[in-house]
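Biologist: I'd like a close look at one part of this model, please: the largest pocket. Do follow the helices of its lining into their neighbourhood as well.

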Amino acid sequence: MLSSLLESSGMGSIFVNLFYDMGFMNGSWQNYVMLLISFILMYLAIVKKFEPMLLLPIAFGMFLINLPGAEPTLWGTHPVDEVTGIVDTSYDAVQDRGLLWYLYFGVDKVIYPPLIFLGIGCMTDFGPLIANPKSMLIGAGAQLGIFIAFILAVLLGFSVAEASAIAIIGGADGPTAIMVTSKLASDFIPMIAIAAYSYMALIPIIQKPIMRLLTTKKERTIKMKQLRQVSKVEKVLFPIIVTLVVGLILPSSVPLLGMLMLGNLFRESGVVERLSSQAQNGLMNTITIFLGVAVGCKAKGELFLQVQTLYIIMLGLFAFICGTIGGLLVAKIMCKVTKGKINPLIGSAGVSAVPMAARISEDVGREYDPQNHLLMHAMGPNVAGVIGSAIAAGVLLACFGGYVNGTAVTAAVSSIIV
């Protein structure tokens with residue numbers, strides 16, 4: 001009787017439509033694998049506290065976009081070509097736009113990364129770098145991983161634009177990686193962002209064995225002379241001069257470097273405390289949420305679960321390791337040249353993970369001498385690494401920004417490398 005009542009009233013077809021519209025009826029195996037990965041990332045962020053400020057929103061954005069059937073509501077609908085039947089997945093072509101589309105606007109138009117750098121500039125003391133300008137050499141040496149990974153990526157068949165996006169992971173700077181990738185290989189954003197922030201979170205595990213391998217016990221116990229006091233005039237002039245010099249030579253690095261230096265000028269000028277406080281707290285926290293969720297929402301199963309994702313993750317790890325090695329080797333050379341006045345452990349801080357990499361230098365140094373404090377000495381190379389990664393990004397964008405699909409250029413570069 002109930003079935004005949006439902007049939008006569010048309011309610012049966014309504015329930016059938018509702019049933020087939022449910023998410024679990026429309027999901028693919030890729031969706032469920034990505035949901036599992038998002039749970040693992042949330043566990044690492046919440047329980048293990050691995051870079052939770054960004055890993056947690058990235059994981060939850062990944063979780064949302066992979067809920068079966070949720071994409072049209074969260075992101076929007078993709079138009080289909082009536083002739084070819086090909087789905088247009090480009091950002092600008094999306095119709096009936098949802099919340100995540102608008103959040104991703106800041107990534108697509110490269111708004112979020114410079115704003116993150118503004119906050120970093122407000123929080124960072126450039127004094128150790130000004131007091132010891134030789135630290136710039138260590139920061140430059142730590143960019144070695146970027147260029148080695150670029151060569152390997154090209155040899156593995158990636159285009160020069162894609163190779164540039166993959167290689168920038170070696171700079172250990174999430175906003176820089178996202179900016180370069182959004183301009184050169186936007187489809188790789190979720191893989192590269194997750195790899196970059198995962199390796200930053202795993203710095204203690206990755207760097208400490210390399211530091212012990214490449215330094216001797218005697219070198220690890222070297223105590224460095226206390227840094228000189230840096231005047232306020234030097235601190236105020238430094239961001240202006242760096243922006244002027246680098247901007248005249250490499251304009252493509254100005255969006256990141258300029259915002260970094262503006263934030264530092266806010267900090268050191270002492271006349272805009274409210275702006276400095278807002279940039280490093282409210283603004284940066286808000287942008288961090290938007291950036292994390294927006295990046296995570298691009299990690300769709302069918303795009304993320306590919307063989308090239310494994311290549312990207314492995315190349316990113318190799319780039320990060322080579323960057324650490326590059327900084328350590330430069331520091332060891334400086335140690336020899338100065339006859340033991342520089343502790344090579346500060347070389348690992350040449351990567352751009354501020355201030356975590358500097359803290360690792362301090363931790364390893366104190367393992368061998370509890371009275372040996374290297375943190376302020378390591379902050380010099382660490383800040384230099386931030387500047388160096390922004391400059392490296394500018395170099396890659398200037399060289400290959402016009403060759404996003406440049407197969408001829410990729411072939412030429414490959415032939416030169418071989």
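**The largest pocket and its helices**

Modeller: The lining of the largest pocket takes its greatest contribution from α18, which gives five residues (helices are DSSP runs of H or I, at least four residues, numbered from the N terminus). This is a predicted model, so to speak a calculated one, in which local features need pLDDT of at least 70 and side-chain atom pairs pLDDT 80 or more, while totals for chains, interfaces and linings use all residues. Residues count from 1 along each chain as written, and side-chain values use heavy atoms, without hydrogens or water.

The pocket holds about 680 Å³ of space (an open set of 1 Å grid points that fit a 1.4 Å probe, with protein on both sides within 12 Å along at least five of seven lines; the volume is that of probe spheres on the points, joined across faces, edges and corners). There are 27 lining residues (an atom within 4 Å of a point), and E51, I120, M123, M284 and V354 are the closest to the pocket's centre. Besides α18 (273–296), at least two lining residues each come from α4 (52–65), α7 (112–123), α12 (174–184), α13 (189–201) and α21 (356–368). Sorted by class, 17 residues of the lining are nonpolar, seven are polar and three are charged (nonpolar: Ala, Val, Leu, Ile, Met, Phe, Trp, Tyr, Cys, Pro; charged: Asp, Glu, Lys, Arg; polar: the others, Gly among them).

Let's follow two of these helices, α4 and α18. Their axes come within 6 Å and cross at roughly 40 degrees (lines fitted to C-alpha atoms over the stretch in contact, with angles from 0 to 180 degrees between N-to-C directions). On the α4 side, the contact uses M53, L54, P57, I58, G61, M62 and I65 (heavy atoms within 4.5 Å). From α18 come N285, T288, I289, L291, G292, V293, V295 and G296. This contact has ten nonpolar and five polar residues, with no charged ones.

Just ahead of α4, K49 sits in the loop that follows α3 (29–46). K49 has a positive phi of about 60 degrees, although it is not a glycine. At the other end of α4, I65 is also among the contacts of L74, along with L64, G98, L99, L100 and W101, leaving aside neighbours within four places in sequence. L74 belongs to helix α5 (residues 71–74). L74 lies 9.8 Å from Y102, C-alpha to C-alpha, with their positions 28 residues apart in sequence.

Back at the pocket, V354, one of the residues closest to the centre, is joined to P355 by a cis peptide bond with omega about -10 degrees. P355 lies in the loop between α20 (307–337) and α21.

Helix α21 packs in turn on α14 (residues 203–214), at an angle of about 50 degrees and with the axes 10 Å apart. Here I203, P204, Q207, K208, M211 and R212 of α14 meet M356, A357, I360, S361, D363, V364, E367 and Y368 of α21. Charged residues do take part in this contact: four of them, alongside eight nonpolar and two polar.
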